[in-house]
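Good morning, everyone, and thank you for making room for me on the agenda. I would like to walk through the empty spaces inside one protein model, and then through a few residues that sit around them.

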Amino acid sequence: MKILAEKILSQSAYTTEIDVPLEKVDIADWLFNLPEAEYLRCCPPDHIGSGVTTTDDGRRMVINVEMIGTGLVIQHYVAEEATPSYCRMNSISDVFTSVGRTQVNVVWELIAEAIEGGRTRYTNRVTSHPTDVFMDFLAAHGQTFGQAAVARQEAGGDHNRRETPLFAASIARRAVARAAAK
C-alpha cells in the first residue's frame, strides 16, 4: 500500500486552554495510560473503544475505534514521537462504510504549549492522506477525490472540534492527579 502524502484528504486543528502549567502536563503519559472509559467520555457517542499495544518491533501503539461521520474507523496509531508536550501518531486506518472497507493514512498530533498565567494551550491536529487503496475504492464506487475530501473534511473537522476540549480536560485531570500523588 502506498500513502499519497502529497494529497490531503482532510485536515483540522482545534485549540483549547487548560488551567495547568505546562511542566505538569505529560501528553505521552496520558495517551499511553488512558483508560478506555475515559476515552469514551472524550467524544460521545463517536468514541467506541481504545487500547494500547505495541508493533511487532516494539514501538508504542494506540488503537482507537470511532465513528467519524458515517464511517466506522479503526485507527492503528504508531508513536513516531512521544514526549510530555508533543506526540505524533501515525496510522494506516481501516474505514468501514456502507459500501465496503478501505484504508487511509491519519497523522494525529497532540501539542501542549505554555501560555501566560501558568496555563497550557492544547492543540489537537489531525491530517488524513489517501492511500492508493482508497483511490481505487473511490474509483470503484464512482466517487471523485474532491467529493470524498469534502465529506471527510466536514465529518473529521466536526469530530475533532468536539473531542479537543474533552481531551484537554482529560489531560488536565491526569496532570492534577499526578501532581497530587507526588
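**Spaces inside the model**

Let me begin with the second largest cavity, which has a volume of about 60 Å³. Three elements give two or more residues each to the lining of this cavity, namely α1 (27-32), β2 (47-54) and β3, and β2 gives the most, with three residues. If you would like to find the place on the screen, look for the residues that line the second largest cavity, among them W30, L31, Y39, V52, W108 and F167. Sorted by class, this lining holds eight nonpolar and three polar residues, and no charged ones.

I should say at this point that what you are looking at is a predicted model, and please keep that in mind for everything that follows.

How many cavities of 30 Å³ or more does a search of the whole structure find? The search finds two of them, and the largest cavity holds about 180 Å³ of space. The largest cavity is lined by 22 residues, and those closest to its centre are I68, V126, G156, H159 and E163. Several elements supply at least two residues each to this lining, and they are β1 (10-18), β3 (60-68), β4, β6, β7 (119-130) and α4. Of these elements, α4 gives the most, with eight residues. The classes here come out as seven nonpolar, 12 polar and three charged residues.

**The pocket**

Now let us turn from the cavities to the largest pocket, where about 430 Å³ of space lies. There are 20 residues in the lining of the largest pocket, and T70, G71, V95, T97 and A151 lie nearest its centre. At least two lining residues come from each of β4 (71-82), β5 (86-97), β6 (100-115), α3 (132-140) and α4 (145-181). Which element provides the largest share of this lining? The answer is α4, with four residues. By class, the lining of the largest pocket has 12 nonpolar residues, seven polar ones and one charged one.

**The helix α4**

As α4 has now come up in both places, let us look along this helix with some care. It has 37 residues, and at 1.5 Å a residue these should span 54 Å, while the C-alpha atoms at its ends are 50 Å apart, so the two values agree. There is nevertheless a kink of about 30° in α4, and it lies at E163, shortly before the proline P165. You may remember E163 from a moment ago, when it appeared among the residues closest to the centre of the largest cavity.

The proline P165 itself lies in helix α4. Is P165 buried, partly exposed or exposed? Its relative accessibility is 38%, and because buried means under 20% and exposed means over 50%, P165 counts as partly exposed. To give a sense of distance, P165 and T102 are 63 residues apart in sequence, and their C-alpha atoms are 29 Å apart in space.

**Some residues in the strands**

Let me now go through three residues that belong to strands. S12 lies in strand β1, and with a relative accessible area of 9% it is buried. The side chain of S12 is joined to the side chain of N160 by a polar contact of 2.9 Å.

Q75, in turn, is found in strand β4, and it is also buried, with a relative accessible area of 1%. Which side chain does the side chain of Q75 make a polar contact with? The partner is the side chain of E66, and the contact is 3.0 Å.

E109 lies in strand β6, and at 9% relative accessibility it counts as buried because this value is under the 20% cut-off. E109 and M89 are 20 residues apart along the chain, and yet their C-alpha atoms are separated by 6.3 Å.

**One peptide bond to look at**

Finally, please move the view to P44 and P45, which are joined by a cis peptide bond with an omega of about -5°. P45 has its place in the loop between α2 (36-41) and β2, and β2 brings us back to where I began, as the element that gives the most residues to the lining of the second largest cavity. Thank you, and I am glad to take questions.

Note on methods. Residues are numbered from 1 along each chain as its sequence is written. This is a predicted model: local features need pLDDT of at least 70, side-chain atom pairs count only at pLDDT 80 or more; totals for chains, interfaces and linings use all residues. Side-chain values use heavy atoms; hydrogens and water are left out. On a 1 Å grid over the protein atoms alone, a cavity is a set of points where a 1.4 Å probe fits but cannot get out, and a pocket is an open set with protein on both sides within 12 Å along at least five of seven lines; lining residues have an atom within 4 Å of a point. Grid points are joined across faces, edges and corners, and a volume is the space filled by probe spheres set on the points. Ala, Val, Leu, Ile, Met, Phe, Trp, Tyr, Cys and Pro count as nonpolar, Asp, Glu, Lys and Arg as charged, and the others, Gly among them, as polar. The expected span of a helix is 1.5 Å times one less than its number of residues. The bend at a residue is the angle between axes fitted to the seven residues ending there and the seven starting there. Buried means under 20% relative accessible area, exposed over 50%, partly exposed in between (1.4 Å probe, protein chains only). A polar contact is a pair of N or O atoms within 3.5 Å; within protein, one must be able to donate a hydrogen and the other to accept it, and residues adjacent in sequence count only if both atoms are side-chain atoms.
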